[in-house]
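Subject: the model, and what turned up in it

Hi,

Here is the structure I promised to pass on. Have a look at it first, then read my notes underneath.

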Amino acid sequence: MKKKIISRIVSGSVIGIAIGYIISILISLIWAKGYYSPCVPELKAVMGSEINAVLFQTVLCALLGAGFSVASLIWQKESWSLVKQTGIYFIVISVIMLPVAYLTYWMEHTVAGFFSYFGIFAFIFVIVWLVQFAIAKQTVKKMNEKLNNK
């Protein structure tokens, strides 16, 4: 189990950094008017320089990826109900995601900004969960059909 957690931390960190980088490219394409903007201007101002901001954001993206990766072990707790797994997973990733989003200025530093970000986060979570549930349900249906045809 210890090896599995370490492996997830390492792979999750790398994936988190990659996703953070891809997101910065997408944001630059949409809002930076032909320039690359590796982080939001507010973070750059707070950190004193762009390189400090990018390093800080990269570390937080690594922690975010590692946290999500380790949290996914919750789905392997077969003794837990799907509702319990979903609830605990959502709480854990919220506790990971929201401080990172706040510290990197991905959300406005207001109560309205927090609730807006959280609402979008929860909406995306529900959509991803429903898609994964539908895929799993279809997979189980196909397996059952194969078993019934034997």
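Below is what I found, going from the core to the surface and then to a few single residues.

First, the ground rules: this is a predicted model, so local features need pLDDT of at least 70 and side-chain atom pairs count only at pLDDT 80 or more, while totals for chains, interfaces and linings use all residues. Residues are numbered from 1 along each chain as its sequence is written, and side-chain values use heavy atoms, with hydrogens and water left out.

The core. The largest nonpolar core (buried Ala, Val, Leu, Ile, Met, Phe, Trp, Tyr and Cys residues joined through side-chain atoms within 4.5 Å) has 17 residues, and those with the most contacts inside it are Y89, I93 and Y117. Two or more residues each come from α3 (50-71), α4 (82-103) and α5 (111-148), and α4 gives the most, with eight. Helices here are DSSP runs of H or I with at least four residues, numbered from the N terminus (strands would be E, at least two). Not counting residues up to four places away in sequence, I93 touches F68, A71, F121 and F125; contact means heavy atoms within 4.5 Å.

The surface. A nonpolar patch is formed by I15, I19, Y21, I22, I23, I25, L26, I27, L29, I30, W31 and Y36, with about 1300 Å² of accessible area together. Patch members have over 30% relative accessible area and no salt bridge; nonpolar side chains (Val, Leu, Ile, Met, Phe, Trp, Tyr) are joined within 5 Å, like charges within 9 Å. A salt bridge is a side-chain nitrogen of Lys or Arg within 4 Å of a carboxyl oxygen of Asp or Glu, and the areas come from the Shrake-Rupley method with a 1.4 Å probe, where for residues only the protein chains shown count as cover. In soluble globular proteins, nonpolar side chains tend to be buried together. One of the patch residues, I27, sits in helix α1 (residues 2-31) and counts as partly exposed because its relative accessibility is 38%. The classes are buried (under 20% relative accessible area), exposed (over 50%) and partly exposed in between, with a 1.4 Å probe and protein chains only.

S24 is in α1 too, but it is buried at 7%. Its side chain makes a polar contact with that of Y36 at 2.8 Å. That term means a pair of N or O atoms within 3.5 Å; within protein, one must be able to donate a hydrogen and the other to accept it, and residues adjacent in sequence count only if both atoms are side-chain atoms. Leaving aside neighbours within four places, S24 is in contact with Y36, S37 and P38.

Two more polar contacts. W129, in helix α5, is partly exposed at 22%, and its side chain pairs with that of T86 at 3.0 Å. Q85 belongs to helix α4 and is buried, at 8%; its side chain reaches the backbone oxygen of K77 at 2.9 Å.

Finally, the backbone. Most residues other than glycine have a negative phi, and most peptide bonds are trans. K33, in the loop between α1 and α2 (41-47), has a positive phi near 50° and is exposed at 75%. Y105, in the loop between α4 and α5, has a positive phi near 65° and is partly exposed at 24%.

Cheers
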